Amino acid sequence: MAALQSRRLAAVGYAVLQIDLFGCGDSSGDFADAKWEIWKRDLQAALGWLKSRVRGPLGLWGLRLGATLAADVARDPAVVVEHLLLWQPVSNGEQFLTQFLRLRLAAEMLADGAAQTGVRELRETLYRGVPLEIAGYDLHPRLAAEIDALSLADLVPTVKRVHCLEVTAAAQAKLSPASQRALEAWRLKGLDVRAAAVTGEPFWSTIEVTECAALLAATEASLRGAA
């Protein structure tokens, strides 16, 4: 989906740089060594690369936790980001981490017929500074703590406009209540926020490769409205 959207945006004149964060995808490093600050520096380096090669306003675009990361980077006025494009942003880091830890419990149930631990015990292990292997990745306690403390409502970006789009399986698409609360908090801070939801499958979590044409179209429509 990110590649499809990148190509479509490039076709209408946007310069798009799609990156893998440290320890993710084809990037260097191991996920076990990933830290929130390293990921923020990755985004800052990407912005610097674009700025040195392309003239025009800069924007940041992210999916899920990457969207929350983009908002955090865009808080710094020195970064000079004009637009923020958020796909399905994580509003509450604590809930997100809990969902991630449940993958470990699910794996235990598949292997042993029952989970050997609980989310509370897994959190206590991280608090003691012990990494956890989850879904084939080693989660560093520091990264877990950084994610755990995230609240989208508090990450108020210094941008001209925010575009937030979500995908839901409901026939009548609506933003999640958590996103609505976070975006309303931003509006109260004076931000220009454009938000929309479309009906489709959660492509970021499906086993098979899934596309959501409605999200691609809604993203382009939102950005065109900002021109």
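This is a short walk through the helices and strands of a predicted model.

Before you click, note that residues are numbered from 1 along each chain as its sequence is written. Because the model is predicted, local features need pLDDT of at least 70, side-chain atom pairs count only at pLDDT 80 or more, and totals for chains, interfaces and linings use all residues, while side-chain values use heavy atoms, with hydrogens and water left out.

**Stop 1: the sheet.** Select S1, S2, S5 and S6 (strands are DSSP runs of E, at least two residues; helices are runs of H or I, at least four; both are numbered from the N terminus). These four strands make an open sheet in the order S1-S2-S5-S6, with parallel pairing; two strands pair if DSSP finds at least two bridges between them. S1 (59-63) and S6 sit at the edges with a single partner strand each, so one side of each has no neighbour in the sheet. On average, neighbouring strands are turned by 10° against each other, direction ignored.

**Stop 2: inside the sheet.** Color S2 (residues 83-87) and S5: five bridges link them in the parallel sense. Pick Trp87, and you'll find its bridge partner Leu165 in S5. Now move on to S5 (residues 161-168) and S6 (residues 192-199), which run parallel and are joined by eight bridges. Here His163 has Arg194 in S6 as its bridge partner. Follow the chain from S5 through helix H7 (residues 177-188) to S6, and you trace a right-handed β-α-β crossover (with the strands pointing away from the viewer, the path from the first strand over the helix to the second runs clockwise).

**Stop 3: H3 and H2.** Show H3 (residues 65-73), which lies across S1 and S2 and runs at about 150° to S1. Axes are lines fitted to C-alpha atoms, for helices over the stretch in contact, and angles run from 0 to 180 degrees between N-to-C directions. Add H2 (residues 36-53): H2 and H3 pack at about 75°, axes 10 Å apart. That leaves H2 roughly perpendicular to H3 (65 to 115 degrees). Residues of H2 in this contact (heavy atoms within 4.5 Å) include Trp36, Trp39 and Leu43, and those they meet in H3 include Leu65, Leu69 and Val73.

**Stop 4: H1 and H8.** Finally, select H1 (residues 2-11) and H8 (residues 213-224), whose axes come within 10 Å and cross at roughly 40°. Where should you zoom in? Leu4, Gln5, Arg8 and Leu9 in H1 meet H8 residues, among them Leu215, Glu220 and Leu223.

How values were computed: Parallel < 35°, antiparallel > 145°, perpendicular 65-115°, else oblique.
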